[in-house]
Amino acid sequence: MKIIIDSRENIAKKAALRYVELLSKKPDAILGYATGSTPLDLYGELVKLNKEGKISFKDVTTFNLDEYVGLDGSHDQSYRYFMNTNLFSKVDIDVSKTNVPSGLDTSAETAAAYDKAIEAAGGIDIQLLGIGNNGHIGFNEPGTPFGSSTHMVELTESTREANKRFFASIDDVPTHAVTMGIKTVMNAKSIIIIALGKAKAEIVKKTIYGDVTPDVPASVLQLHPDVEFYIDEEAAELIK
Ligand code: PGA
């Protein structure tokens, strides 16, 4: 695991360069995207680079990590809506080649089809990840088996609590989500994970230096051959 500690601004810039590099070699790359506060600066940077003509998403296919159960893509807190608003509508991407798990069809068949579609596309070249305060990646909460593929999960109270800031009240935060599994994530050829802010300091330390255990889902990344972990100064507080 390569660890890069830098300012938020530089993290967005450096991570964006990885996409420039990949897409210049492989314009039809398969990208795994994430939602939440963490990737916003990076998406801003990708939009800027696209406007400047330094990167094109014209031929890429994307797969997002997760989606809330019960929210249609037009719901302003759905992850489909987040991606359309923060990235897809602002770059030259073909939206028909962007995939987000369905929050409405939660059948096991549809979940399995998501993994099959990733495989059929040739696998994810770069999977982007944030990290939950509890170590979740995607919505793989503590205890999720490392062998899991895309599946429906019940969100922990700590995750619902962390995400309530986007909703009118905690009661409006969905109780379930569909997420790529840990195995789905680990199958990506390269992984970029970003952690920002003081609240992530403890989990960053556990992820990098703690035991590899399903209790800390992100710790599995210690076993992946190509991970870049971008950490801002605050989130790196306990590992410097
Ligand atoms: P955040 O969420 O980017 O909003 O902190 C990260 C996550 O839960 O994976």
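How do the residues of the lining of the largest cavity divide into nonpolar, polar and charged? I opened the notebook with that question and worked outwards from there. The model is a predicted one.

**Entry 1. The cavity**

I looked for enclosed space and found one cavity of 30 Å³ or more in the structure. The volume I noted for the largest cavity is about 30 Å³. I listed its lining as R8, I11, A12, T38, D41, L42, I194 and L196. Sorted by type, these residues are five nonpolar, one polar and two charged, which settles the opening question. I then checked which elements they come from: α1 and α2 are the ones that give two or more residues to this lining. The most comes from α1, with three residues.

**Entry 2. The nonpolar cores**

I turned to the packing of nonpolar residues. The largest nonpolar core has 60 residues, and Y19, Y33, L46 and F57 have the most contacts inside it. Helix α1, residues 8-25, contributes the largest share of this core, six residues. Apart from this core I found another, of nine residues, including Y68, L71, F139 and A177. I added a general remark to the margin: in soluble globular proteins, nonpolar side chains tend to be buried together.

I took L46 as a sample residue. Not counting residues up to four places away in sequence, L46 touches A16, Y19, Y33, I55, F57, L87 and V91.

**Entry 3. The largest pocket**

Next I looked up the open spaces. The largest pocket holds about 710 Å³ of space. It is lined by 34 residues, and those closest to its centre are T35, G36, S37, N163 and R165. By type I recorded 13 nonpolar, 15 polar and six charged residues in this lining.

Which elements each supply at least two residues of the lining of the largest pocket? I found α2 (40-51), β4 (66-68), α3 (79-86) and α5 (157-163). The largest share, four residues, comes from α5.

**Entry 4. The second largest pocket**

The second largest pocket came out at about 190 Å³. I wrote down its lining: D115, I118, E119, G123, I124, S149, K183, T184, N187 and A188. These divide into three nonpolar, four polar and three charged residues. Both α4 (108-120) and α6 (182-186) supply at least two residues of this lining. The largest share, three residues, is from α4.

**Entry 5. S148**

I then picked out single residues, beginning with S148. I placed S148 in the loop between β6 (126-129) and β7 (151-154).

Is S148 buried or exposed? I read its relative accessibility as 12%, and buried means under 20%, so S148 counts as buried.

I checked the polar partners of S148 as well. Its side chain reaches the backbone oxygen of P145 at 2.8 Å. A polar atom of the S148 side chain also lies 3.0 Å from the backbone nitrogen of I182. Leaving aside neighbours within four places in sequence, I listed the contacts of S148 as N140, G181, I182, K183 and T184. Two of the names on that list, K183 and T184, I had already entered for the lining of the second largest pocket.

**Entry 6. T106**

T106 sits in the loop between β5 (98-99) and α4. Its relative accessibility is 31%, so I entered T106 as partly exposed.

Which residues is T106 in contact with, leaving aside its neighbours within four places in sequence? I found V69, M152 and V178. I also looked up the separation of T106 from M180, which is 74 residues apart from it along the chain. The C-alpha atoms of these two residues are separated by 12 Å.

**Entry 7. S190**

The last residue I looked up was S190, in strand β9 (residues 190-195). At 9% relative accessibility I put S190 down as buried. Not counting residues up to four places away in sequence, S190 touches R18, D125, I126, Q127, H224 and D226. I noted that I194, which lines the largest cavity, falls in the residue range of β9.

Notes. Residues are numbered from 1 along each chain as its sequence is written. This is a predicted model: local features need pLDDT of at least 70, side-chain atom pairs count only at pLDDT 80 or more; totals for chains, interfaces and linings use all residues. Side-chain values use heavy atoms; hydrogens and water are left out. Buried means under 20% relative accessible area, exposed over 50%, partly exposed in between (1.4 Å probe, protein chains only). A polar contact is a pair of N or O atoms within 3.5 Å; within protein, one must be able to donate a hydrogen and the other to accept it, and residues adjacent in sequence count only if both atoms are side-chain atoms. Contact means heavy atoms within 4.5 Å. A nonpolar core is a set of buried Ala, Val, Leu, Ile, Met, Phe, Trp, Tyr and Cys residues joined through side-chain atoms within 4.5 Å. On a 1 Å grid over the protein atoms alone, a cavity is a set of points where a 1.4 Å probe fits but cannot get out, and a pocket is an open set with protein on both sides within 12 Å along at least five of seven lines; lining residues have an atom within 4 Å of a point. Grid points are joined across faces, edges and corners, and a volume is the space filled by probe spheres set on the points. Ala, Val, Leu, Ile, Met, Phe, Trp, Tyr, Cys and Pro count as nonpolar, Asp, Glu, Lys and Arg as charged, and the others, Gly among them, as polar.
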